[in-house]
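Thanks for coming. I will go through two parts of one structure, a helix pair and a sheet. Please have a look at it first.

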Amino acid sequence: MTNLAQLIQDLPKAELHLHIEGSLEPELMFELAKRNELDFPYSSVEEIRNAYQFTQLQDFLDIYYAGMSVLIKEQDFYDLTMAYLKKCDEQNIVHVEIFFDPQGHTERGVSYKTVITGINRALKDGLADFGISYKTILCFLRHLSEEDAIKTLNEAKEFIELIDGVGLDSSEVGNPPSKFKNVFAMAKEAGLKLVAHAGEEGPPEYVEEALSILKIDRLDHGNRSMESESLIEKLKESQMALTVCPLSNLKLCVVNDMKDHPIKSMLDAGLLITVNSDDPSYFGGYLNENYLAIQESLNLSKEMIVTLVKNGFIGSFLSDDEKNRHLDAIDLLV
Ligand code: HPA
Ligand code: ZN
């Protein structure tokens with residue numbers, strides 16, 4: 001291992017953009033399909049993996065929603081989340097803020113309670129067993145209506161203490177942030193943090209809407225912000241955290257080559273950039289593989305790696321005291 005690869009492994013890290021359903025490995029998918037006695041279109045783990053060829057976001061989403069249909073029982077959501085936390089423990093990820101997509105389950109007849117209690121029980125065990133702290137973010141599917149999102153938020157209110165924020169994911173183009181203005185205002189009123197995917201495939205105007213209409217606390221992806229000087233200035237001025245996902249961007253053809261990834265220019269522009277894995281089972285790597293990919297392709301320095309790792313904590317929803325404790329621990333290591 002090179003020195004920088006070792007540093008990436010050794011530094012305590014935070015992950016802020018992770019769809020828990022996107023961490024479902026083909027092996028577990030296959031096992032759950034069997035356990036739940038489901039008719040499953042794939043006959044082997046290899047066949048599932050071979051289907052992971054994407055040229056745009058929608059190709060991935062179609063397979064992602066089909067894949068998550070094996071999740072039925074509370075124990076399935078527990079096993080899914082625990083498998084991710086074990087990976088975090090191996091990769092020295094000490095804080096996670098995970099997304100989940102309740103509408104991907106409730107529309108199949110799985111209750112919100114089943115989803116959130118399974119995920120939460122694993123997160124509590126992960127804190128006890130591995131010392132991994134956590135936040136949870138309920139994402140609304142933007143291809144569905146705002147009315148459906150409001151219904152989901154109302155379902156979540158019975159278990160409001162189990163979530164920390166709401167987000168917006170799924171098919172971006174044609175579903176601008178403004179479509180969800182009211183439900184985001186309701187979530188803010190309920191004391192929740194606000195994040196949204198914007199500028200992954202959608203234009204810079206969608207990022208503008210997420211900032212000014214949804215009033216987000218953090219921006220997911222945000223790559224296409226780089227097309228607008230005024231937006232770059234706004235993001236820099238506010239030190240809005242961006243959760244960038246390099247391997248996802250490569251697999252979904254947001255960039256054609258990792259050497260063309262804008263993360264270095266984003267850092268150079270003074271933006272608060274964090275590195276994340278998005279849907280690691282589908283995009284070919286967990287958090288450390290994302291750091292390694294950009295380090296190697298863009299020749300990132302040790303200082304840049306340390307800045308990105310620190311930004312993961314600075315951009316998190318931890319308290320200032322907790323952030324400082326993590327930042328001090330990193331300083332002691334470098
Ligand atoms: N973009 C939009 N929706 C998603 C993603 C993503 O990268 N991953 C899971 N749902
Ligand atoms: Zn995402």
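Is the crossing of α16 and α17 left-handed or right-handed? The crossing of α16 and α17 is right-handed; that is, the near helix is turned clockwise from the far one by less than a right angle, while anticlockwise would be left-handed. The contact, meaning heavy atoms within 4.5 Å, involves Val306, Val309, Lys310, Phe313 and Ile314 of α16, and Lys323, His326, Leu327, Ile330 and Asp331 of α17.

Before going on, this is a predicted model, where local features need pLDDT of at least 70 and side-chain atom pairs count only at pLDDT 80 or more, while totals for chains, interfaces and linings use all residues. Residues are numbered from 1 along each chain as written, chains are lettered from A and ligands numbered from 1 in the order written, and side-chain values use heavy atoms, without hydrogens and water.

Back to the pair. Helix α16 covers residues 302-314 and α17 residues 320-333; their axes come within 9 Å and cross at roughly 165 degrees. Axes are lines fitted to C-alpha atoms, for helices over the stretch in contact, with angles from 0 to 180 degrees between N-to-C directions. α16 and α17 are therefore roughly antiparallel, the word for angles over 145 degrees.

Now the sheet. Eight strands form an open sheet in the order β1-β2-β3-β4-β5-β6-β7-β8, with parallel pairing; strands pair if DSSP finds at least two bridges between them. Helices (H or I, at least four residues) and strands (E, at least two) are DSSP runs, numbered from the N terminus. β1 (13-19) and β8 (272-275) are at the edges with a single partner strand each, so one side of each has no neighbour in the sheet. Between β1 and β2 (residues 93-100) there are 5 bridges, and His19 has Phe99 as its bridge partner in β2.

Conventions:
Angles under 35 degrees count as roughly parallel, over 145 as roughly antiparallel, 65 to 115 as roughly perpendicular and the rest as oblique.
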